[in-house]
Amino acid sequence: MARTKLNNTQISFSSDLVPASADGATIGSASAEWSDLYLADGAVIYLGSDQDVSLTHVADTGVQLNGAMKLMFASTAAYIRHDGTDLELVDDADINMKPAVDFLVDAGGDIILDADGDEISFKFGGATGQLDFTNANSGDIVVQQKTDG
């Protein structure tokens, strides 16, 4: 395939710049990367052959992922998404939140902890104390304060 180099400082377009076919060209390469990308307010990046995923710039606010699509991390099982009602933070392993200072939960309604296990523990004072809520076999909740030492 023949390549042509253009040695201009700037190329301007007044129409679309499109590949010859779907999935038929790349922008840059592994050894010749582009630098910065500037998009206008309200710009949309469409992903997928059927453009089912989009990332939209919301002027002066941020970016928005369309519909109930997921922002995935190390695997498809680790993601953040909004299902139209609730914001979900999902992983098939532990989720660790490690704020440098305080961890604040400011709920407009109830705070519900729903654990499939039999115990919910709150550690406080570093490693010096712990408050456990345990589901006893009778269905009663047992509250126990523990201290190290």
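The exercises below work through a predicted model of one protein chain.

**Exercise 1. Overall form**

Determine how many helices and strands the protein has, and what its radius of gyration and box say against the value for a compact globule.

Step 1. The count gives zero helices and nine strands. Read from the N terminus, the order of elements is β-β-β-β-β-β-β-β-β.

Step 2. The radius of gyration of the protein is 25 Å, whereas a compact globule of 149 residues would have one near 15 Å.

Step 3. Along the principal axes, the C-alpha atoms fill a box of roughly 75 × 35 × 35 Å.

Step 4. Turn to the contacts. Of those between residues at least 6 apart in sequence, 0% join residues at least 24 apart.

Step 5. Buried residues account for 5% of the 149 residues. The accessible surface is about 13600 Å², and carbon and sulfur atoms contribute 52% of that surface.

**Exercise 2. The hairpin of S2 and S3**

Describe how strands S2 and S3 pair, and characterise Asp 60 in the turn.

Step 1. Strand S2 covers residues 53–58, and strand S3 covers residues 62–65. The two strands pair in the antiparallel sense over four bridges.

Step 2. For a specific bridge, take His 57, whose partner in S3 is Val 63.

Step 3. Three residues separate the two strands of this hairpin. Asp 60 lies in that loop between S2 and S3. Its phi is near 60°, a positive value in a residue other than glycine.

Step 4. Asp 60 has a relative accessible area of 79%, so Asp 60 is classed as exposed.

**Exercise 3. Ser 54**

Decide whether Ser 54 is buried or exposed, and list the residues that Ser 54 touches.

Step 1. Ser 54 is located in strand S2.

Step 2. The relative accessibility of Ser 54 is 10%. The cut-off for buried is under 20%, so Ser 54 counts as buried.

Step 3. Leaving out residues up to four places away in sequence, Ser 54 touches Val 44, Ile 45 and Tyr 46, as well as Gln 64, Leu 65 and Asn 66. Val 44, Ile 45 and Tyr 46 fall within the range of strand S1 (44–47). Gln 64 and Leu 65 fall within the range of strand S3 (residues 62–65).

**Exercise 4. The hairpin of S5 and S6**

Work out the pairing of strands S5 and S6, then place Asp 83 in it.

Step 1. Strand S5 (residues 79–82) pairs with strand S6 (residues 87–90) over four bridges, in the antiparallel sense. One bridge joins Arg 81 to Glu 88 in S6.

Step 2. The two strands form a hairpin with four residues between them. In the turn, Gly 84 has a positive phi of about 100°.

Step 3. Asp 83 is in the loop between S5 and S6. Its relative accessibility is 32%, and therefore Asp 83 is partly exposed.

Step 4. With residues up to four places away in sequence left out, Asp 83 touches Ala 68 and Glu 88. Glu 88 is also the bridge partner of Arg 81.

Step 5. For a distance across the chain, compare Asp 83 with Ala 20. They are 63 residues apart in sequence, and their C-alpha atoms are 37 Å apart in space.

**Exercise 5. Aromatic rings**

Find the aromatic pair in the structure and state its geometry; then state which residue lies over the face of Tyr 79.

Step 1. A search of the whole structure yields one aromatic pair. Its members are Phe 122 and Phe 133, with 5.9 Å between centres and 85° between planes.

Step 2. Planes over 60 degrees apart count as edge-to-face, and the pair is therefore edge-to-face.

Step 3. Phe 122 belongs to strand S7 (residues 119–124) and Phe 133 to strand S8 (residues 129–135), eleven residues apart.

Step 4. Phe 122 is partly exposed at 40% relative accessibility. Phe 133 is also partly exposed, at 30%.

Step 5. Over the face of Tyr 79 lies Lys 70, at 4.1 Å from the ring centre.

**Exercise 6. Asp 23**

State where Asp 23 is found, and give its phi and its exposure.

Step 1. Asp 23 sits in the segment before strand S1 (44–47).

Step 2. Its phi is near 60°, which is positive in a residue other than glycine.

Step 3. The relative accessible area of Asp 23 is 81%, so Asp 23 is exposed.

Key:
Residues are numbered from 1 along each chain as its sequence is written. This is a predicted model: local features need pLDDT of at least 70, side-chain atom pairs count only at pLDDT 80 or more; totals for chains, interfaces and linings use all residues. Side-chain values use heavy atoms; hydrogens and water are left out. Rings of Phe, Tyr and Trp (its six-membered ring) pair if their centres lie within 6.5 Å; planes under 30 degrees apart count as stacked, over 60 as edge-to-face and the rest as tilted. Buried means under 20% relative accessible area, exposed over 50%, partly exposed in between (1.4 Å probe, protein chains only). A charge sits over a ring if NZ of Lys or CZ of Arg is within 6 Å of the ring centre and within 35 degrees of the ring normal. The radius of gyration is taken over C-alpha atoms; the globule rule is 2.2 Å times the number of residues to the power 0.38. Contact means heavy atoms within 4.5 Å. Accessible areas come from the Shrake-Rupley method with a 1.4 Å probe; for residues, only the protein chains shown count as cover. Two strands pair if DSSP finds at least two bridges between them.
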